[in-house]
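Hi,

Here is the structure I promised to pass on. Have a look at it first, and then read my notes below.

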Amino acid sequence: TTMSLLASAKPAAAMLADIYTVPASRRAVININCCNVGSSPSKVRLAISADPSPADAQWIEWDTVLDPSGVLERTGIALKAGQALFARTDIGDVAINVWGIEELA
């Protein structure tokens with residue numbers, strides 16, 4: 001099993017986006033990279049949830065400030081089928097990439 005790019009996105013400003021969802025009958029271990037490609041600081045939120053509206057306890061980053069060219073990385077996050085990585089940024093200038101390994105559950 002090799003690590004591969006599972007998802008790439010640049011969410012619109014102030015919109016909650018489902019970046020990556022583990023397919024049925026699978027599990028995954030993911031690494032997340034958020035990079036501010038804009039010229040202004042951006043606030044980033046990340047959540048792991050099986051519901052389309054993450055609960056307060058499901059956020060793993062909350063308004064973490066990324067300066068221009070700044071990077072936020074999270075690694076080794078284990079997910080089961082149906083769980084998703086959600087992201088929200090305040091200005092829409094953050095590129096989010098998810099690398100990982102998917103395997104049968």
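**The sheet**

In this predicted model, 4 strands make up an open sheet, in the order β1-β8-β3-β6, and their pairing is antiparallel. The edges are taken by β1 (4–9) and β6 (71–80); each has a single partner strand, so one side of each is left without a neighbour in the sheet. If you look at how neighbouring strands of this sheet sit against each other, they are turned by 20° on average, direction ignored. As a bit of background, strands of a sheet pair through backbone hydrogen bonds, and they can do so in a parallel or an antiparallel way.

How many bridges join β1 to β8? There are 5 of them, and the two strands run antiparallel. To find one on your screen, go to Ala9: its bridge partner in β8 is Ile96.

**Along β8**

Strand β8 covers residues 94–104, and several of my notes come back to it. Start with Ala95, which has its place in this strand. Leaving out residues up to four places away in sequence, Ala95 touches Ala9, Lys10, Asn33, Cys34, Cys35 and Val37. Asn36 is also worth picking out: Ala95 and Asn36 are 59 residues apart in sequence, yet their C-alpha atoms are 6.4 Å apart in space.

Further along β8 you come to Trp99. Is Trp99 buried or exposed? Neither label fits, because its relative accessibility is 35%, and that counts as partly exposed. Together with Met3 and Leu5, Trp99 forms a nonpolar patch on the surface, and the three share about 300 Å² of accessible area.

**Salt bridges**

Side chains of opposite charge can pair when their charged atoms come close. Searching the whole structure turns up 4 salt bridges, and here are some of them.

One is between the side chains of Glu102 and Arg26, at 3.9 Å from N to O. Glu102 belongs to strand β8 and Arg26 to strand β3 (residues 26–36), so this pair ties together parts that are 76 residues apart in sequence. Glu102 is partly exposed because its relative accessibility is 24%, and Arg26, with a relative accessible area of 25%, is partly exposed as well.

Another salt bridge brings together the side chains of Arg27 and Glu103, at 2.9 Å from N to O. This pair also links distant parts of the chain, with Arg27 in strand β3 and Glu103 in strand β8, 76 residues apart. Arg27 has a relative accessibility of 40% and so counts as partly exposed. For Glu103 the relative accessible area is 31%, which again makes the residue partly exposed.

The last one I want to show you is away from those strands: Arg45 forms a salt bridge with Asp63, and their closest N and O atoms are 2.7 Å apart. Arg45 is in strand β4 (residues 42–49) and Asp63 in strand β5 (residues 59–66), so you will find the partners 18 residues apart in the chain.

Which label does Arg45 get, buried or exposed? Arg45 is buried, because its relative accessible area is 17% and the cut-off for buried is under 20%. Its partner Asp63, at 25% relative accessibility, counts as partly exposed.

Best wishes

Technical notes
Residues numbered from 1 in each chain as written. Predicted model: local features only at pLDDT ≥ 70, side-chain atom pairs only at ≥ 80, totals over all residues. Heavy atoms only, no water. Patch = residues over 30% accessible without salt bridge, like charges linked within 9 Å, V, L, I, M, F, W, Y side chains within 5 Å. Areas by Shrake-Rupley, 256 points an atom, 1.4 Å probe, with all protein chains shown as cover. Buried < 20%, exposed > 50% of the residue type's maximum accessible area, 1.4 Å probe, protein only. Contact = heavy atoms within 4.5 Å. Pairing = 2+ DSSP bridges. Axes fitted to C-alpha atoms, helices over the stretch in contact; angles between N-to-C directions.
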